[in-house]
Number of protein chains: 2
Amino acid sequence: MKIALTKTVVLYGLFLAGLSYLLALIKFKFLLRELSVEFYVGVVTIVFTALGVWMGSRLVRKKRGPVEQFVMNESARDHLGITAREIEVLALMSAGHSNEEIARQLFLSLHTVKSHVSHILFKLDVSRRTQAVEKARSLHLIPKSGSSLV
Amino acid sequence: MKIALTKTVVLYGLFLAGLSYLLALIKFKFLLRELSVEFYVGVVTIVFTALGVWMGSRLVRKKRGPVEQFVMNESARDHLGITAREIEVLALMSAGHSNEEIARQLFLSLHTVKSHVSHILFKLDVSRRTQAVEKARSLHLIPKSGSSLV
DNA sequence: GCGTGAATCATACTTTGGAGTGATGCCCCC
DNA sequence: GGGGGCATCACTCCAAAGTATGATTCACGC
């Protein structure tokens, strides 16, 4: 991010340098052959509008970056009284793991996982794990798709 | 969309008109008091860069619109041989509905729904409905969260 | 030091999900 | 007109999910 920004600035500087050289050339011509100021300004106008469009696109693209980092909605979590362990289970549930797989991955017994899942369902006020995953996602308790918490 | 674009063009035209008036003024001054061409060009440069940035932002914002409409990945769907009815069931699954709820909503017997679900799991090469939902989402067979197909 | 709540494990039970297999009616296409 | 794919329904069997209830341990705070 920082490097990319630096690169942009450097590129812009180089571009400006090149452009001033060009301007000097045009100005030289202008003095010699009485080229109109309008033409001169027209070139500058077009070039800098284009440059601005390019910069604008880059800026916006960077701002709404393609990464879209996940940030936990801690207030919702605390409000519902969902514990850290339950979030862990929730994340594994959302990845489509079975209770037994979750038990193995977290070094728990199947009973414990079922207990956690029950609490999750109760706290989220749903009755099925798929609903729990949906709700947890919409509450930003777990990332969208394709990410991991660990 | 088209209206907004037209509006942008009109605004741009008005802006240019205003600017040429400004330029004429500046030029007048330039002739009178020998203001340097560099100053003249500098102003134009800055103004049009800013204008370009503004236009660039608008263009990009429009292109990646704030709605982020869902478009079905038909090639993936066809390649996997998933039928329209299966997509319907998949959408209801993704909302966290049980087989029986799906049966009621689609006026089917529980058996039929189970049959559809089995086919979905087979075609998506998964063994649990939560995984199926995950995979279907990542393949853009169903919308992200909080939308509906109907 | 005692209550509270989280995390863990447990047993017994009901409900739901999923595999396997097969049947029927329908439509499309060669 | 027969084969193939789809949608529908059916039955069995087993696995997984979820409910209910309760026990134990540990940490934290008043």
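The questions and answers below concern a predicted model of protein chains with DNA strands.

User: Which residues come nearest to DNA strand C?

Analyst: In this predicted model, a residue counts as near the strand if one of its heavy atoms lies within 4 Å of it. There are 16 residues around DNA strand C, and they divide into three nonpolar, nine polar and four charged. Of these 16, the ones that come nearest are Thr83(A), Ser109(A), His111(A), Thr112(A) and His116(A).

User: What share of the atoms of DNA strand C within 4 Å of the protein belongs to sugar or phosphate?

Analyst: Phosphate oxygens of DNA strand C lie 2.8 Å from a polar backbone atom of Ser109(A) and 2.8 Å from a polar side-chain atom of His116(A). Bases are also represented, since a base oxygen of the strand is 2.9 Å from an N or O atom in the side chain of Lys114(B). Among the atoms of DNA strand C within 4 Å of the protein, with the rest belonging to bases, the share that belongs to sugar or phosphate is 68%.

User: Which residue has a polar backbone atom 2.8 Å from a phosphate oxygen of DNA strand D?

Analyst: The closest of the 17 residues that surround DNA strand D are Lys114(A), Arg129(A), Thr83(B), Arg85(B) and Thr112(B). Arg85(B) places an N or O atom of its side chain 2.8 Å from a phosphate oxygen of the strand, and Thr112(B) likewise uses a polar side-chain atom, at 2.8 Å from a phosphate oxygen. The contact that comes from a polar backbone atom, also at 2.8 Å, is that of Arg129(A).

User: Which helices each supply at least two residues of the surface near DNA strand D?

Analyst: The residues of this surface divide into three nonpolar, ten polar and four charged. For DNA strand C, helix 6 (110-124) of chain A and helix 6 (110-124) of chain B each supply at least two residues of the nearby surface. For DNA strand D, the helices that do so are helix 6 of chain A and helix 6 of chain B.

User: Why is helix 4 of chain B largely enclosed by the rest of the structure, and how many of its residues are buried?

Analyst: The buried residues of helix 4 of chain B, including Ile87(B), Leu90(B) and Met93(B), pack against helix 7 (129-138) of chain A together with helix 3 (74-80), helix 5 (99-106), helix 6 and helix 7 (129-138) of chain B. Buried here means under 20% relative accessible area. Helix 4 (residues 84-94) of chain B is largely enclosed because, of its eleven residues, the number buried is eight.

Conventions
Residues are numbered from 1 along each chain as its sequence is written. Chains are lettered from A and ligands numbered from 1 in the order in which they are written. This is a predicted model: local features need pLDDT of at least 70, side-chain atom pairs count only at pLDDT 80 or more; totals for chains, interfaces and linings use all residues. Side-chain values use heavy atoms; hydrogens and water are left out. A polar contact is a pair of N or O atoms within 3.5 Å; within protein, one must be able to donate a hydrogen and the other to accept it, and residues adjacent in sequence count only if both atoms are side-chain atoms. Helices (H or I, at least four residues) and strands (E, at least two) are DSSP runs, numbered from the N terminus. Ala, Val, Leu, Ile, Met, Phe, Trp, Tyr, Cys and Pro count as nonpolar, Asp, Glu, Lys and Arg as charged, and the others, Gly among them, as polar. Buried means under 20% relative accessible area, exposed over 50%, partly exposed in between (1.4 Å probe, protein chains only). Contact means heavy atoms within 4.5 Å.
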